[in-house]
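Got the viewer open? Here's a short tour, one selection at a time.

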Amino acid sequence: MSGSWLRIVVALGVAAVVFGLFLAVEYVLRRVLRRLGQRATVLGELAEHIHAPLRWFGAMVVLRITVLVALPTGSWRNVTSHVLTLALIGTGAWLLAGVLTAIEQTMLGRWRVDVADNRHARRMQTQIRLVRRVIVAAIAVIALGAMLMTFPGLRTAGTSLLASAGVIGAIAALAAQSLLRNVFAGLQIAFSDAIRLDDVVIVENEWGRVEDITLTYLVVHLWDDRRLVIPTAQFMSQPFENWTRRDAALLGTVELDVDWTMPVDEMRDELRRILESTDLWDGRVRVLQVTDATHTLVRVRALVSAVDAGTLWDLRCLVREQLVQWVRGKHPYAVPRLRAEQVPGTPVRRGEDSAPDHDARVFGDSVDGLVREHAFNGPRKA
C-alpha cells in the first residue's frame, strides 16, 4: 500500500511540474502571439481567445495521463478516468470554438462598416457570424455525442437506436419543427442578402436597425432604444421594409397645408435656401410641388434626400420647422384658416327694420293669416 501511495504522490508531483512548465510555455507563447499579432491579426486574436480553453485543455491532458500512470486498477481509476475523458472532450470543443472565434474576429476586421458604402461589408459580416455559429453548434452536438458514446450502456443500445432511427427521426423532426424552421430561416438570411447587420428596417410597424442575427432570432434596435426580438422564421415569412438593402441614401417628404394665396415660387426658393444652408442635405433631390388642392387648403410637398435614414429624419424636421417659420413670418395671410365671405349676388338677410313679408307668415295681417289667427287664438284684442 505504501508503494502505491508513493507512486501516486510522485505521479502528482510530476504532473504538477509538467503542468507548471505547460503554463510557462503557454504564457510565453501568448506573449509572442500578441507581439506578432501587430503584423498578423489572426495571431493576436488567437492569443486573446484561446488562452483560457488551452489552459484547461492542457490541465485535463496532464491529469488524464497522471491517472492512467499513477492510480491502481480499480473502480476509482475507472470513474476518475471517465470523468476526465468527458472533461477532455468538453475542453477540446471549447478550444475549437475559441479558434473559430479568433478566425471570425480576424475576418470581421477586414470588412469595416464605418465607411460610407458599407453594404458589402455588412453582408460579409452577417454571413461570417452566422457560419461561425452554425459550426460552433455542430461542434457542440458532436462533442455531446462523443461524451454520450463513452458510456458503455449507450454504445450497447446503439444498434437498437439505429434500427429505430426512422421513427426517432420523425419524432425529433416533429418536436423540433419550430427550431429547425428558425435555423433554416437564419441560414436563408445569411446567404440570400435580404437582410444584413445594421440594416435600417421597418417591421411590426416599428423603425430601427438590425443589431444582431442568430440562427433562431433577430434583434432590431428600435429608434427609442427598445429591442424588438423576432424569430427568424417569422421575420422571413412576413413583409418588411429594408431601407438600406442597396444604398443607404433615402428620399423623404415634408407636407404642409397652406392657403390658396401662398406664392409657391417663393416657397420653392425658400426650400432651396434651407437645403443649401445645411450639411444634412446630400445635394441629390430638391423638389417642391403642389400635390393637392381641395376645399380651403392647398397641400405642398417638399421632396428631399439625405445620405442615410437618421440624417434624413433630422433634415425633414429642419425643413418642416423652417418652412413653418417662414410662412408665419413672411406670408401670415397664407396660414390655413376658416373664412366667411359674402358671395356677390346673394340677397342680404332682412333685419328687424325690414318690412314684413305677409306671404311668408302663417299667422299675420293677410286675409288667410287673420282667419287662422282668429280660428286658433280667438279675436285679436284692440
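Start by selecting glutamate 204: in this predicted model, Glu204 takes a positive phi near 55°. The residue belongs to the hairpin of S1 and S2, which has two residues between the strands. Now colour S1 (residues 200-203) and S2 (residues 206-213); the two run antiparallel and are joined by four bridges. To see the pairing across the hairpin, pick isoleucine 202 and look opposite, where tryptophan 207 sits in S2.

Keep S2 on screen and add strand S3 (residues 217-222). S2 and S3 also run antiparallel, with five bridges joining them, and they form a hairpin with three residues between them. Click glycine 208 and you'll find its bridge partner in S3, leucine 222.

Next stop is helix H9 (residues 177-192), where valine 183 is found. Draw a distance from the C-alpha of Val183 to that of tyrosine 217: you should get 8.7 Å, for residues 34 apart along the chain. Setting aside neighbours within four places in sequence, Val183 is in contact with Leu215 and Thr216.

Now for the largest nonpolar core, with 25 residues. Select Met262, Met267, Leu271, Leu275, Leu315 and Val319, which touch the most other members. Strand S6 (250-258), helix H11 (264-276), strand S8 (297-306) and helix H12 (309-330) each supply at least two residues of this core, and H12 gives the most, with seven.

Zoom in on leucine 271. Beyond neighbours within four places in sequence, Leu271 is in contact with Arg286, Val287, Leu288, Ala302, Val304 and Val319. Last selection: Ile189, Ile195, Ile230 and Phe235, which are among the 14 residues of a second, separate core.

Technical notes:
Residues are numbered from 1 along each chain as its sequence is written. This is a predicted model: local features need pLDDT of at least 70, side-chain atom pairs count only at pLDDT 80 or more; totals for chains, interfaces and linings use all residues. Side-chain values use heavy atoms; hydrogens and water are left out. A nonpolar core is a set of buried Ala, Val, Leu, Ile, Met, Phe, Trp, Tyr and Cys residues joined through side-chain atoms within 4.5 Å. Buried means under 20% relative accessible area, exposed over 50%, partly exposed in between (1.4 Å probe, protein chains only). Contact means heavy atoms within 4.5 Å. Two strands pair if DSSP finds at least two bridges between them.
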